[in-house]
Amino acid sequence: MVMEDSRKPYSYKEYVAGLFAGVATVVVGHPFDTVKVKLQKHNTNVQGITYRNGFHCTARILATEGVRGLYIGATPSFVGMAFESSLLFGIYSQTKQSLQCRMQIQGTDSLVPKCSGYSSSLDCALKTIKSDGVTGAFRGGSTTFLRESIGNAVFFSVYEYVRYYMHLQLKSGSSDHNNLVDMGIGILSGGLGGVAFWSTVLPLDVAKTIIQTAPDKSSPTNPFQVLNSIYRMSGLRGCYTGLGPTILRAFPANAAAIVTWEVAMKLLGIKNN
């Protein structure tokens, strides 16, 4: 009972730490995400390949829109990712603590159109609702839910395993355990977790992009039907369109998220066992 009572004053802080992790993810990862989405949209349509690779896509964005072009749509990403990460890490932390209590009782351009004519994220949302109805704003929602469910299960499994293994190696050695070591473990475990996440669910992300950007309202919304169509047209490579920038984004963005989260947890006085 004493342990459960001592957890109550700190519960909200776990969600605050998750919010900071979400902001860090967008700051580091949004440019890579922009390139990934453009590759998925342009390189899986009927017209064929538009961009040769991620570097070509990035160069075209910088040439036509500048650095700002890499952060198109960042505002909703900041809001959405902050909210999502706050819930994700908060629930993860409290679930983990709850499981540990139970264990103790018993004995883890032309080529780049400028935002499709939208002047802002709000303008985009309003025009989408006006043309497609309220449901248009949630197009691809079930595919996103499936992607996040599978991806986060993989992410936290890899994160916990790498973190546990590295701490185990440190305990068996004679090296001092300090904050820099903890940061290094966070970078590696978070980065590898992110790579595992996207390596697993990238085909679902490709399907999500196609579903959300399809101009025809009657276009299929079943992700497996969409992937089947992409596979017939472009093969397995088409299902993994944007793999390069996605993996390049996955490691630093998720490493930043985990390190920010773990540092915030420490600053807020919460121990991450």
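Author: Helices (H or I, at least four residues) and strands (E, at least two) are DSSP runs, numbered from the N terminus. Read that way, this protein runs α-α-α-α-α-α-α-α-α, with nine helices and zero strands. The model is predicted, so local features need pLDDT of at least 70 and side-chain atom pairs count only at pLDDT 80 or more, while totals for chains, interfaces and linings use all residues. Residues are numbered from 1 along each chain as its sequence is written, and side-chain values use heavy atoms, leaving out hydrogens and water.

Reader: Thanks! Why is T241 called buried?

Author: Buried means under 20% relative accessible area, exposed over 50%, and partly exposed in between (1.4 Å probe, protein chains only). T241 has 9% relative accessibility, so the residue counts as buried. Its place is in the loop between α8 (223-239) and α9 (243-267).

Reader: What makes the link from the side chain of T241 to the backbone oxygen of G238 a polar contact?

Author: A polar contact is a pair of N or O atoms within 3.5 Å; within protein, one must be able to donate a hydrogen and the other to accept it, and residues adjacent in sequence count only if both atoms are side-chain atoms. The side chain of T241 reaches the backbone oxygen of G238 at 2.7 Å, and that is within the limit of 3.5 Å.

Reader: Why are C57 and C239 called buried?

Author: Happily, the rule for T241 serves here too. C57 has 0% relative accessibility and therefore counts as buried; C239, with a relative accessible area of 7%, is buried as well.

Reader: And how many disulfides are there?

Author: A disulfide is a pair of cysteine sulfur atoms within 2.5 Å, and by this rule the count is zero.

Reader: Why is the aromatic pair of F155 and Y159 called stacked?

Author: Good one! Rings of Phe, Tyr and Trp (its six-membered ring) pair if their centres lie within 6.5 Å; planes under 30 degrees apart count as stacked, over 60 as edge-to-face and the rest as tilted. The whole structure holds six aromatic pairs. In one of them, F155 and Y159 lie 6.3 Å apart centre to centre with 5° between the planes, so the pair is stacked. Both residues sit in helix α6 (residues 141-172), four residues apart, about one turn of the helix. F155 is buried at 4% relative accessible area, and Y159 is buried at 0%.

Reader: What makes the pair of F197 and W198 tilted?

Author: Their centres are 5.0 Å apart and their planes differ by 55°, an angle that is neither under 30 nor over 60 degrees, so tilted is the word. F197 and W198 are both buried.
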